[in-house]
Amino acid sequence: MTFALFLHLLCVATWLGCILVEALYEHSIDDSPAMRRFISALHWKTDKFIEIPAFLGVLLTGGAMLHQAPYTPLLWTKIGLGLTAITFNAVCVWLVVKRLALADKGDFAGWEKLDHWQHKLGAVVLLALLAALVAGGALFVAR
Ligand code: HEM
């Protein structure tokens, strides 16, 4: 196993763990303004220091291995699913930043709209990541 592949899998695992913890705390709050403000700030901090570095790490290490990889339909499927997860996650990060700004302004009607879309797109991120993991796992056992 190359060091790049080791780092790739480490970033994938960190990213998945981060998404699961975020989903847990996002579904553990009441609808009080204080809780919504707290969770909006916590989610942005989590994105800034863990989630963004993790999915950028997946992208960079994946890109670094492209030149050596045997191009198979399974690998391209995995990369397509991985890029889908990364793209939707980037949109979610944008929604998290916008949602925090609305919480700071006390606009919770607007906050609820963004919160709804952030959860919907977050589910797409999780599903695409899990599908990429299944494809990657199949590649791994076939090595
Ligand atoms: C959700 C995102 C991703 C997951 C879960 C994932 C998972 C994996 C796994 C499990 C492997 C090991 C398979 C093996 O042993 O060959 C792997 C390898 C690899 N991944 Fe990813 N990956 C993701 C995203 C990406 C992206 C975005 C790229 C490209 C930009 C990429 C490029 C590669 C390459 C080139 C390999 C090495 C393939 C080989 O040498 O056989 N991956 N990935």
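In which helix is V97 found? V97 is found in helix 3. The model examined here is predicted. At 36% relative accessibility, V97 is classed as partly exposed, because buried residues must fall under 20% and exposed ones over 50%. V97 also has a partner from elsewhere in the sequence. W44 is 53 residues away along the chain, yet the C-alpha atoms of V97 and W44 are separated by 6.4 Å.

The overall architecture is considered next. The protein has four helices and zero strands. Read from the N terminus, the order of elements is α-α-α-α. The C-alpha trace spans about 50 × 25 × 20 Å along its principal axes. The protein has 143 residues, and 38% of them count as buried. Contacts were also examined by separation along the chain. Among contacts with a separation of 6 or more, 79% join residues that are 24 or more positions apart.

Sequence separation and spatial distance were also compared for F108. F108 belongs to helix 4. Its relative accessible area is 17%, so F108 is buried, the limit being under 20%. F108 and L59 are 49 residues apart in sequence, and their C-alpha atoms are 35 Å apart in space. When neighbours within four places in sequence are set aside, F108 is in contact with P33, R36 and A103.

The interior was then analysed. In soluble globular proteins, nonpolar side chains tend to be buried together. The largest nonpolar core of this protein contains 22 residues. Within this core, W15, V58 and L129 touch the most other members. Helix 1, helix 2 (33–65), helix 3 and helix 4 (108–141) each give two or more residues to the core. W15 has contacts beyond its neighbours within four places in sequence. They include V58 and L129, along with F55, I86 and V125. E51 and N89 are also on the list of W15 contacts.

N89 was examined in more detail. This residue lies in helix 3. Its relative accessibility is 2%, which means that N89 counts as buried. The side chain of N89 makes a polar contact with the side chain of W15, at 2.7 Å. Beyond neighbours within four places in sequence, N89 is in contact with W15, I19, E51, F55 and V125.

The last site is the ligand. Two residues, H8 and K78, coordinate the iron atom of the ligand. H8 does so through NE2 and K78 through NZ, at 1.9 to 2.1 Å. Why is the arrangement around the iron atom octahedral? Six donor atoms surround the iron atom, and they subtend angles of 76 to 177°, which makes the arrangement octahedral. The pair H8 and K78 links distant parts of the chain. H8 is in helix 1 (residues 3–26), K78 is in helix 3 (residues 73–105), and the two are 70 residues apart. Both H8 and K78 are buried.

The surroundings of the ligand comprise 27 residues. Of these, H8, K78, G136, F140 and R143 come nearest. Polar side-chain atoms also approach nitrogen atoms of the ligand. For H8, a polar side-chain atom lies 2.9 Å from a ligand nitrogen atom. For K78, an N or O atom of the side chain is 2.4 Å from a nitrogen atom of the ligand.

Notes: Residues are numbered from 1 along each chain as its sequence is written. This is a predicted model: local features need pLDDT of at least 70, side-chain atom pairs count only at pLDDT 80 or more; totals for chains, interfaces and linings use all residues. Side-chain values use heavy atoms; hydrogens and water are left out. Donors are N, O and S atoms within 2.8 Å of the metal (3.2 Å for Na, K and Ca); water is not among the atoms, so sites may look incomplete. Four donors count as tetrahedral if all angles lie between 85 and 135 degrees; four count as square planar and six as octahedral if opposite donors are over 155 degrees apart and all others between 65 and 115; anything else is irregular. Buried means under 20% relative accessible area, exposed over 50%, partly exposed in between (1.4 Å probe, protein chains only). A nonpolar core is a set of buried Ala, Val, Leu, Ile, Met, Phe, Trp, Tyr and Cys residues joined through side-chain atoms within 4.5 Å. Contact means heavy atoms within 4.5 Å. A polar contact is a pair of N or O atoms within 3.5 Å; within protein, one must be able to donate a hydrogen and the other to accept it, and residues adjacent in sequence count only if both atoms are side-chain atoms. A residue is near a molecule or strand if one of its heavy atoms lies within 4 Å of it.
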